[in-house]
Amino acid sequence: MSASDTPKRSMRTPLGRVRNLGAAHSGTSDFWRQRLTAVAMTLLMIPVLVIIMMTLGRNQAGAKQILGSLPIAVIMMLFIVASAWHMKIGMQVVIEDYVHNEKLKLTAIMLNNFFSIAVALASIYAILQLSSGV
C-alpha cells in the first residue's frame with residue numbers, strides 16, 4: 001500500500017467537515033444575504049408605499065417633482081438595489097436546486113445575473129433622470 005492509497009486523515013469529525021455547507025456546497029452566505037435584503041426591503045416598504053401614494057392622482061409633472069427630490073430618490077434607489085439583489089439570490093437558489101444539467105444551470109445563472117443587473121441599472125437610471133431634472 002503506497003502513500004497515495006492511504007485515506008486522508010483529519011482531526012475534524014464528519015459533521016465538522018460539512019457544517020455550514022448546503023446542497024450547493026457554498027455555505028449559508030446566500031441564506032443570510034437573502035434575509036438581509038428581505039429586512040432592508042421590509043424597512044423600506046413603508047417609505048416606498050408613502051411615495052407611491054403621494055404620486056397617485058398627480059399628473060406627470062407633479063409625479064416628476066416628487067420623485068425628483070433627493071431623499072426620495074435615495075429611498076427609491078435603496079429599495080431597487082435591495083429588491084434586485086433579493087430577486088437575484090432567490091432565483092439563483094431555485095436554479096441551483098432544480099436545474100440538474102450543469103451547462104443549462106450555468107447559462108441560467110449567468111442570465112439571471114445579467115437580468116438582475118439590467119433591471120437594477122434601468123431602474124436606477126430612470127430615478128437619476130428624474131432627480132437630475134433632465
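In this predicted model, the side chains of Lys105 and Glu102 meet in a salt bridge, with a nitrogen-to-oxygen distance of 3.6 Å. Both residues belong to helix 5, where Lys105 and Glu102 are 3 residues apart, or about one turn of the helix. The partners differ in their exposure, since Lys105 has a relative accessibility of 16% and therefore counts as buried, while Glu102, at 53%, counts as exposed. Across the whole structure, a search finds 2 salt bridges, and the other topics below cover the second pair, the overall fold, selected residues of the helices, the surface and the record annotation.

**Second salt bridge**

- Arg33 and Asp30 also meet through their side chains in a salt bridge, at 3.7 Å from N to O.
- Helix 2 holds both Arg33 and Asp30, which are separated by 3 residues, about one turn of the helix.
- With a relative accessible area of 37%, Arg33 is partly exposed, whereas Asp30, with 17%, falls under the 20% limit and so is buried.
- As a general point, side chains of opposite charge can pair when their charged atoms come close.

**Overall fold**

- The protein contains 5 helices and 0 strands, and reading along the sequence gives the pattern α-α-α-α-α.
- Of its 134 residues, 24% count as buried.
- The accessible surface of the protein amounts to about 9900 Å², and carbon and sulfur atoms account for 69% of that surface.
- Among contacts in the protein with a separation of 6 or more, 68% come from residues that are 24 or more positions apart.

**Residues of helix 4 and helix 5 with distant contacts**

- His86 lies in helix 4, which runs over residues 70–98, and with 21% relative accessibility His86 counts as partly exposed, because the buried class ends under 20%.
- Although His86 and Thr37 are 49 residues apart along the chain, their C-alpha atoms are separated by 5.7 Å.
- When residues up to four places away in sequence are not counted, His86 touches Gln34, Thr37, Ala38 and Met41.
- Ser116 is located in helix 5, which covers residues 102–132, and its relative accessibility of 4% means that Ser116 counts as buried.
- Between Ser116 and Ser83, which are 33 residues apart in sequence, the C-alpha to C-alpha distance is 9.3 Å.
- Apart from neighbours within four places in sequence, Ser116 is in contact with Ala84, Met87 and Lys88.

**Aromatic pair**

- The count of aromatic pairs comes to 1, and the rings involved are those of Phe31 and Trp32, whose centres lie 5.1 Å apart and whose planes stand at 85°, so that the pair is edge-to-face.
- Phe31, at 38% relative accessibility, counts as partly exposed, while Trp32 is exposed, with a relative accessible area of 56%.

**Nonpolar surface patch**

- Met45, Leu49, Ile52, Met53 and Leu56 form a nonpolar patch on the surface, and together these residues have about 500 Å² of accessible area.
- One of the patch residues, Leu56, is placed in the loop between helix 2, which spans residues 29–55, and helix 3, which spans residues 60–67.
- The relative accessibility of Leu56 is 60%, and Leu56 therefore counts as exposed.

**Annotated spans**

- According to the unreviewed UniProt entry, the annotation "transmembrane region" covers residues 36–54, 66–86 and 106–128.
- In the model, the span of residues 66–86 is 90% helix and 0% strand, and its end C-alpha atoms lie 26 Å apart.
- The span of residues 106–128 is 100% helix and 0% strand, with its end C-alpha atoms 33 Å apart.

Terms used
Residues numbered from 1 in each chain as written. Predicted model: local features only at pLDDT ≥ 70, side-chain atom pairs only at ≥ 80, totals over all residues. Heavy atoms only, no water. Patch = residues over 30% accessible without salt bridge, like charges linked within 9 Å, V, L, I, M, F, W, Y side chains within 5 Å. Areas by Shrake-Rupley, 256 points an atom, 1.4 Å probe, with all protein chains shown as cover. Salt bridge = Lys/Arg side-chain N within 4 Å of Asp/Glu carboxyl O. Helix = DSSP H or I, 4+ residues; strand = E, 2+ residues; numbered from the N terminus. Buried < 20%, exposed > 50% of the residue type's maximum accessible area, 1.4 Å probe, protein only. UniProt positions renumbered as here; feature names shortened; annotations may be inferred. Phe/Tyr/Trp six-rings, centres within 6.5 Å; stacked < 30°, edge-to-face > 60°. Contact = heavy atoms within 4.5 Å.
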